[in-house]
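Reader: I would like a close look at a single part of this protein, described carefully and in connected prose. Please take me through it step by step.

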Amino acid sequence: MTVSTADPAGQAGSATSRPGGGGSARPTRHEVVPALAVAAVLAALVAITLVWWADIPTIAAGSSNKLTAAGRLFGLYGGFLAGLAVLLMARVPWLDRAVGTDRLARIHARVGRSVLVALSCHAVLIVVGYAKISGLGVPAQLRTLWDHYPHVLAATFGFGLLVLVGVTSARVSRSRLPYEVWHLLHLATYVAIGLAFWHPLAVGTDFRGHPAHQLLWKGWFVAVGTALLVFRFLTPAVRALVHRTAVEEVRVESPHVVTIRMTGRHMHTFGGTAGRFVRVRFLIRGCWRQSHPFSMSTATAPDAVRVTVKACGRHTAALPGLSPGTPVLLSGPYGGLVATRRTRPGVVLIAGGIGITPMRALFETLPTDAGRLVLLHRAGREEDLTLRAELEELAEKRGGTVHHLLGPRPTNPEDEPLGPSGLARLVPDIAERDVFVCGPPAMMQAVARAARSLGVPRRSIHCERFNL
């Protein structure tokens, strides 16, 4: 294991610890907004339940009616949650900044699974309940519903699309599908929700004769659709027209890493923030169909956006061949790995491999006292230390400390420099610092566990993945 530091005379964590450095226990915006969002969702679910409860006078009339009544409730839950799943990935700026894109994506996946469960229960309970009432078998009852209620047939097709999206979004399936295929299938979500939207309005007893209920249902989906249209489509289109971004410079950092600087008009209004990422679509053959998330590797150039990218597929492997002047569609910035999450005066930034890119931007701009900023960069080999010269120059300029941690993963976990003993040795006062981490998911999880074991509160550990 090789360890090098930009300040040979200094020691990691040599800054004097401050009593009470943990800061105020007052909740931050990044804690308050998610809590308020959860409260709003729970309130909506309670309201849906009350609407359903007020309209079930026949619930005690027999087991069949109980089945169909329960099916209606699951249908209402599924419809609401389907809209929520779309809203979570609509890239609403204030929600993205407060919660973080990575966390929103994880919540989106959980909500998506809940939608499938709720709609499955809805379909089974409704069909079985009506079959018992009519005396028909389940297959015959299903055909009857399709024949007499066209909206049911459309909703069934939409449900099938959602199941297809769910199956292809599973980790095993997604890893085997080309990105273009997975992305195209995922767009089927919008078609599925559109097909299912009118179903409860047309045949649901919770809406017939209840104009207020219909207005709320339509209003929810109009709000979701508006957010999707504005933030995922119109905003990037407007920015493309305003900025007219193009590649200015391509710099090869190593055989597998390239830094791309992009400029355009009025770039000072783009709003880049250290630690965040942009979605980039290079308008050349073979790349224009894909928009990829890349972390900004600097945040102090008001006239440009710079990303540093590691080749990890056919698309990124082609990027060193980009020519200056190549048009670019740029959207963002996104993500919540930002300086405003900090809760303490001291900070330690931890990066694994190409995860150094957002850490480099934070290392350059994160406000803190001299000696209270430490960066640990874990890499397998010397040539994997991307942006090393820039980091060491920044360390000298800002009075920070950089540790380059080289070598393969040790067989003995105790020898891992980012394990509990390694972190305690490199940053003795880590329990009084905020910890920002970016790298492979397994590495981030291991670092978070190690930091927690050393006394770092959960609210002071900040991680985000950018492979979204």
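In particular, with which handedness of crossing, left-handed or right-handed, does H12 pass H13?

Author: H12 passes H13 in a left-handed crossing, and, since this is a predicted model, that statement, like the rest of what follows, describes computed coordinates. The two elements concerned are helix H12, which spans residues 356-365, and helix H13, which spans residues 388-398, and they pack at an angle of about 20° with their axes 10 Å apart. Because angles under 35 degrees count as roughly parallel, H12 is described as roughly parallel to H13.

On the H12 side, the contact is made by Ile356, Arg360, Leu362, Phe363, Glu364 and Thr365, while H13 contributes Glu390, Leu391, Leu394, Ala395 and Arg398. Sorted by character, the residues of this contact divide into six nonpolar, four charged and one polar. As background to reading such a list, an α-helix has 3.6 residues a turn, so residues three or four places apart point the same way.

The surroundings of H12 can be described through burial as well. Nine of the 10 residues of H12 are buried, so this helix is largely enclosed by the rest of the structure. The buried residues are Ile356, Thr357, Pro358, Met359, Arg360, Ala361, Leu362, Phe363 and Glu364, where buried means under 20% relative accessible area. Arg360 and Glu364 are thus among the buried residues of H12, and both of them also take part in the contact with H13.

For the setting of this helix pair, the protein chain holds 15 helices and 12 strands, and 44% of its 468 residues count as buried. Among contacts in the chain between residues at least 6 apart in sequence, 74% join residues at least 24 apart.

Two arginines from elsewhere in the chain may help you to place the helix pair in its context. Arg458 sits in the loop between helix H15 (441-453) and strand S12 (461-463), and Arg458 is exposed, because its relative accessible area is 61% and exposed means over 50%. The C-alpha atom of Arg458 is separated by 9.7 Å from that of Asp434, although these residues are 24 apart along the chain. Arg261, by contrast, belongs to strand S3, which covers residues 257-263, and the side chain of Arg261 is joined to that of Glu248 by a polar contact of 2.5 Å. The C-alpha atoms of Arg261 and Val247 are separated by 6.1 Å, with their positions 14 residues apart along the chain counted as the separation in sequence.

Conventions. Residues numbered from 1 in each chain as written. Predicted model: local features only at pLDDT ≥ 70, side-chain atom pairs only at ≥ 80, totals over all residues. Heavy atoms only, no water. Helix = DSSP H or I, 4+ residues; strand = E, 2+ residues; numbered from the N terminus. Polar contact = N/O pair within 3.5 Å; in protein donor to acceptor, adjacent residues only side chain to side chain. Axes fitted to C-alpha atoms, helices over the stretch in contact; angles between N-to-C directions. Parallel < 35°, antiparallel > 145°, perpendicular 65-115°, else oblique. Left-handed = near helix turned anticlockwise from the far one by under 90°. Contact = heavy atoms within 4.5 Å. Nonpolar A, V, L, I, M, F, W, Y, C, P; charged D, E, K, R; others polar. Buried < 20%, exposed > 50% of the residue type's maximum accessible area, 1.4 Å probe, protein only.
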